[in-house]
Protein chains: 2
Amino acid sequence: MEAERGVPGLSRVAGLLADPTRARFCLALLDGRAWTAGELARQAGVAASTTTEHLNALVAGGLLEQVRQGRHRYVRLASPEVAELVERLAALAPGPEPVPRSLRARTRQHRLAHARTCYDHLAGRLGVAVTEAMIGRGILADSQGLHLTPTGSAWVESVGLTVARGTRRPAVRPCLDWTERRFHLAGTLGAAFCSHALTAGWITRTATPRAVEVTPPGLEAFGELLGITAGDLRGAGAETVPGTPV
Amino acid sequence: MEAERGVPGLSRVAGLLADPTRARFCLALLDGRAWTAGELARQAGVAASTTTEHLNALVAGGLLEQVRQGRHRYVRLASPEVAELVERLAALAPGPEPVPRSLRARTRQHRLAHARTCYDHLAGRLGVAVTEAMIGRGILADSQGLHLTPTGSAWVESVGLTVARGTRRPAVRPCLDWTERRFHLAGTLGAAFCSHALTAGWITRTATPRAVEVTPPGLEAFGELLGITAGDLRGAGAETVPGTPV
DNA sequence: TCGACACTTCGGCCGGCGCCGAAGCGCCGG
DNA sequence: CCGGCGCTTCGGCGCCGGCCGAAGTGTCGA
């Protein structure tokens, strides 16, 4: 028959993400940064040799890009398209995520839930708050899919965001990652806002991978530009784990 | 570590599409219709028992929905999101597609290249022609991702398309499937146009799965609404297979 | 120049999974 | 009521692929 065009390609790409260890690598790389092979090996708990084989496969399959620097091998996701694919696959899976047991793990999870990056844009409660503030202020509208309003275009210009142009990648895209169960802003605008927030010092990276922290000037900027208060970022209560005086 | 939230889900879903037989099923189901287990088994060239096992896995994994009717088991893709995922995965794979050898296969491929459906919207040269005509007439614009213009909104209304509202699914989305190497229109607008074209009798389904044919009134309508001529649908030459007097 | 370190290659082990055929079950048509 | 047909269950086979450890290669720092 004839629908079999594309079968090898589909199954090959899916096969790359089908292995838990490779999936873990890709999820880790969703922070948008380049990791060394050794870091990934430790993070996944497998031998260095195993890591090499997996990375070879992912690079050959076009999901990862690599840069060799001295005795290190850096890898990162090959493109925003790949990042989006990984997100979508993970989001499709129904997942009652288990609550981690150790205290270290819980505080880490707490930070990530608060504010983090998702490849090249903001996620966590900060990402959700920013997105909803944009909708509330008429910068975005979500009838028939999320989109930028004329008001929004003016706002983007007034803030001084430099949004990538001439690309097929949509300026505005709702992203539902696998931890939050609410949408936040991705696309070139999401990337531009995140990048601007980092360079302007509104947020800074912390020791925890993917986690970010809102700085005092950042809080002020978010309030002025989007009407976001510290309370909006604290979340809807129920977030402090019961029985743990953190 | 902590990026492992979502790892089981990601690898499980990817694993479902990693098997060539299951991938073939999903690609076949991209026509948006429900197939019986037996049809899929014949199409993929595997035993009925094998098919049962695969379908169980795909249904349990949430990729497929099933309806039991008498002694038949009908399955279809669970949602447009799943269809989009399958498309994206297949499109990501670099694929020099082989030219089929038999005459039957070639004529079938020819029909599919001409005009077909892709889940719930138009693809093939017809899909590309419609999309490019929409861009040419200012109905769509593709700066910063494809989107509907004000002119386009008026056009949609004048044609009488009923576009689904209140959904997160974008009205306009570029779709790059694994046969064409050019974009065509998906999203709720793409679905609405395809559905309208079918009910209005502009196009009809043929014996070949997924293939559609433009009717004489359809050709007239496309010309009037979008300025599409019969020549636009014939393709850019080079489509008749060399050495075969079809 | 000489270790230490990051990564790679290779061989071998082992578990999982896709496949089939045979037998069974339930629905439909005659 | 009976035969045919579509689907399902089960047991068993064979292969593919992920994993490791040991040995090898190249790079950096002292």
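**Figure 1. Backbone contact of A:Gly38 with DNA strand C.** In this predicted model, a polar backbone atom of A:Gly38 lies 2.8 Å from a phosphate oxygen of DNA strand C. A:Gly38 is also among the residues that come nearest to this strand, together with A:Thr52, A:Arg68, B:Thr21 and B:His54. In total, 22 residues surround DNA strand C.

**Figure 2. Side chains of chain B at DNA strand C.** The side chain of B:Arg22 places an N or O atom 3.0 Å from a phosphate oxygen of DNA strand C. B:Ser49 instead faces a base: a polar atom of its side chain is 2.9 Å from a base oxygen of DNA strand C. The elements that give two or more residues to the surface near this strand come from both chains. Chain A supplies α3 (37-44), α4 (48-60) and β3 (72-77), and chain B supplies α2 (20-29) and α4 (48-60). By class, the surface near DNA strand C holds four nonpolar, ten polar and eight charged residues. Sugar or phosphate accounts for 69% of the atoms of DNA strand C within 4 Å of the protein, and bases make up the rest.

**Figure 3. Arginine side chains and bases of DNA strand D.** An N or O atom in the side chain of B:Arg71 is 2.6 Å from a base nitrogen of DNA strand D. In chain A, the side chain of A:Arg71 has an N or O atom 3.5 Å from a base oxygen of DNA strand D. B:Arg71 is one of the residues that come nearest to DNA strand D, as are A:Thr50, A:His54, B:Thr52 and B:Arg68.

**Figure 4. Backbone contact of B:Ala37 and the surface near DNA strand D.** A backbone N or O atom of B:Ala37 is 3.3 Å from a phosphate oxygen of DNA strand D. At least two residues of the surface near this strand come from each of α2 and α4 of chain A and α3 (37-44), α4 and β3 (72-77) of chain B. The residues of this surface are four nonpolar, ten polar and eight charged. Of the atoms of DNA strand D within 4 Å of the protein, sugar or phosphate contributes 69% and bases the rest.

**Figure 5. Salt bridge between A:Arg88 and B:Glu84.** The side chains of these two residues meet with an N to O distance of 3.2 Å. Two salt bridges are counted between chain A and chain B. Two residue pairs in polar contact are also counted between the chains, at pLDDT 80 or more for both residues. On the side of chain A that touches chain B, two or more residues come from each of α1 (7-18), α2 (20-29), α5 (80-92) and α6 (103-114). The largest share, ten residues, comes from α1(A). This side of chain A has 31 nonpolar, eleven polar and 14 charged residues.

**Figure 6. Contact between chain A and chain B around the axis.** A turn of 179° with a shift of 0.0 Å along the axis lays chain A on chain B with an RMSD of 0.1 Å. This is the relation of a two-fold axis. The C-alpha of A:Ala14 is the one in chain A nearest the axis, at 2.4 Å. The contact takes 56 residues from chain A and 55 residues from chain B. The copies meet through the same surface, because 98% of the interface residues of chain A are also interface residues in chain B. About 5,300 Å² is buried between the two chains, with 64% of this area given by carbon and sulfur atoms.

Conventions
Residues are numbered from 1 along each chain as its sequence is written. Chains are lettered from A and ligands numbered from 1 in the order in which they are written. This is a predicted model: local features need pLDDT of at least 70, side-chain atom pairs count only at pLDDT 80 or more; totals for chains, interfaces and linings use all residues. Side-chain values use heavy atoms; hydrogens and water are left out. Contact means heavy atoms within 4.5 Å. Buried area is the accessible area (1.4 Å probe) that two parts lose on being put together, summed over both. A salt bridge is a side-chain nitrogen of Lys or Arg within 4 Å of a carboxyl oxygen of Asp or Glu. A polar contact is a pair of N or O atoms within 3.5 Å; within protein, one must be able to donate a hydrogen and the other to accept it, and residues adjacent in sequence count only if both atoms are side-chain atoms. Helices (H or I, at least four residues) and strands (E, at least two) are DSSP runs, numbered from the N terminus. Ala, Val, Leu, Ile, Met, Phe, Trp, Tyr, Cys and Pro count as nonpolar, Asp, Glu, Lys and Arg as charged, and the others, Gly among them, as polar. A residue is near a molecule or strand if one of its heavy atoms lies within 4 Å of it. Copies are superposed by least squares on the C-alpha atoms of residues with pLDDT of at least 70 in both.
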